[in-house]
2 protein chains.
Amino acid sequence: MTLATHAQRPLRKDAEQHRQQLLTAAVLVFNEQGLDASVTEIARVAGVGVGTLYRRFPTKEALVDALVREILDTTIQMARDALKSPGGTGLERFLEASSAYQAEHAGYLRRLWNTDHEMVKTARQLIARLLVDAKKHDLIRHDLTNTDLSLAMFSLLGVLEATLPVAPDAWRRHLDLLIAGMRPAASDLPHRALSPATLDKVLATHKASLVSE
Amino acid sequence: MTLATHAQRPLRKDAEQHRQQLLTAAVLVFNEQGLDASVTEIARVAGVGVGTLYRRFPTKEALVDALVREILDTTIQMARDALKSPGGTGLERFLEASSAYQAEHAGYLRRLWNTDHEMVKTARQLIARLLVDAKKHDLIRHDLTNTDLSLAMFSLLGVLEATLPVAPDAWRRHLDLLIAGMRPAASDLPHRALSPATLDKVLATHKASLVSE
DNA sequence: GTCTAAGCGGAGTGTTCACTCCGTATCGTA
DNA sequence: TACGATACGGAGTGAACACTCCGCTTAGAC
């Protein structure tokens with residue numbers, strides 16, 4: 001939860017506390033109002049001035065980035081934990097746990113998979129291992145790919161964004177459906193999966209469009 | 001494609017033409033830049049002044065509404081056509097056809113299911129009939145509900161929004177997965193489906209949040 | 001051809017943001 | 001306790017946007 005990332009010299013005690021208050025407030029406000037929430041509002045909720053916010057985070061973008069790192073951090077940890085699950089059940093565990101966690105941060109989830117950071121690569125590699133493991137135990141159909149799982153994430157995001165305020169658990173039912181579709185079956189899925197290279201391009205482009213607007 | 005909706009007295013010939021140009025331009029621009037695209041840009045692409053745009057559509061919201069009606073109109077027609085399909089295959093046909101069509105209007109799809117208009121009710125009733133028919137022929141699992149289909153729509157929207165510019169067909173693969181999950185299976189989906197009433201509330205709230213921001 | 005209701009363009013208006021600047025306050029060391 | 005480095009607040013700035021207003025233009029009825 002603390003997510004250090006201290007650069008060089010540690011912050012003064014009060015400054016560090018304000019930094020934490022800002023991060024907490026940002027989570028709260030973004031979840032309530034979405035990414036369009038104003039920085040002024042975040043500062044207000046945190047109980048500090050906008051000046052303080054901007055001394056700690058040079059742009060609004062940087063603030064969101066810090067939150068995203070925090071999510072990625074937790075997600076990676078969840079994937080690592082899931083790898084210890086017996087009998088190839090790790091993937092399903094991970095999908096459920098990470099969705100539940102992400103449901104609490106849906107306000108800025110779109111930024112999650114669109115960062116260049118090493119962390120995204122790490123997360124995707126871990127998930128790939130979960131998929132291999134699940135296939136090995138015949139819990140998941142063999143024609144399912146890593147890119148399919150990425151699409152499934154976007155799909156859950158779409159459901160989350162639509163339902164969260166009113167039906168905070170609706171994503172569970174949808175995940176049920178997705179997992180049912182992932183089970184081994186007599187015939188392969190009709191269309192070809194996205195290539196990893198294409199998916200990378202998707203993520204890169206998506207990021208660009210989020211920034212430009 | 002023409003979507004009359006003339007109020008009382010017909011528009012002057014040039015005015016009607018400008019109206020069409022504006023609608024066409026709006027589709028183009030919203031698809032390229034999303035709903036945040038500026039009204040000025042739409043007018044520019046249409047080759048008219050902003051004044052003209054505002055004489056035809058009193059607010060930006062009204063312009064989007066006109067586009068949404070156009071999509072709903074087509075979607076309803078597709079559902080009607082699908083009902084004529086033999087052997088309970090109508091639902092799958094409809095899901096594919098309407099997704100393909102909606103992929104060309106992804107820029108403002110979020111507004112689709114959030115209008116109060118009679119058309120949404122009509123569309124949902126038709127889709128419900130498609131579902132009943134598919135179940136009758138044992139093509140779709142019996143514990144699947146209408147609200148599940150709505151969630152599936154949001155899910156596809158999430159995929160579309162993320163992939164469209166780079167991989168315009170990615171949604172097909174995801175739809176494959178969804179449909180695979182909808183097939184009859186030995187056990188029911190673990191979690192309970194959303195009630196229709198809750199879904200209605202979801203849509204209403206979603207709309208409100210779109211307007212306020 | 002004339003006349004007028006209908007339509008037009010785009011500068012202007014008010015508002016909302018992200019972000020900056022600087023006079024003041026506080027931390028923490030000696 | 002004193003003092004410099006660090007941090008603070010929030011008014012101010014410029015840009016972007018939705019929407020309005022009004023002097024000019026044009027369609028189309030006679």
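What follows is a short chat about the contacts in this predicted model.

Trainee: Before we start, what should I know about the numbering and the cut-offs?
Mentor: Residues are numbered from 1 along each chain as its sequence is written, and chains are lettered from A and ligands numbered from 1 in the order in which they are written. The model is predicted, with local features needing pLDDT of at least 70, side-chain atom pairs counting only at pLDDT 80 or more, and totals for chains, interfaces and linings using all residues, while side-chain values use heavy atoms and leave out hydrogens and water.

Trainee: How many residues does each chain put into the contact?
Mentor: Chain A gives 43 residues and chain B gives 43 residues, contact being heavy atoms within 4.5 Å.

Trainee: And how many salt bridges between chain A and chain B?
Mentor: Four. A salt bridge here is a side-chain nitrogen of Lys or Arg within 4 Å of a carboxyl oxygen of Asp or Glu. One links Asp148(A) and Arg173(B), at 2.6 Å from N to O.

Trainee: Switching to the DNA. Which residues come nearest to strand D?
Mentor: Arg12(A), His18(A), Gly49(A), Thr52(A) and Lys60(B), out of 22 residues around the strand. Near means a heavy atom of the residue within 4 Å.

Trainee: Which part of the strand do they meet?
Mentor: Sugar and phosphate make up 68% of the atoms of DNA strand D within 4 Å of the protein.

Trainee: Any phosphate distances?
Mentor: A side-chain N or O atom of Lys60(B) is 2.7 Å from a phosphate oxygen of DNA strand D. For the side chain of Arg55(A) the distance is 3.1 Å. Val39(B) uses a backbone N or O atom, at 3.0 Å.

Technical notes
Polar contact = N/O pair within 3.5 Å; in protein donor to acceptor, adjacent residues only side chain to side chain.
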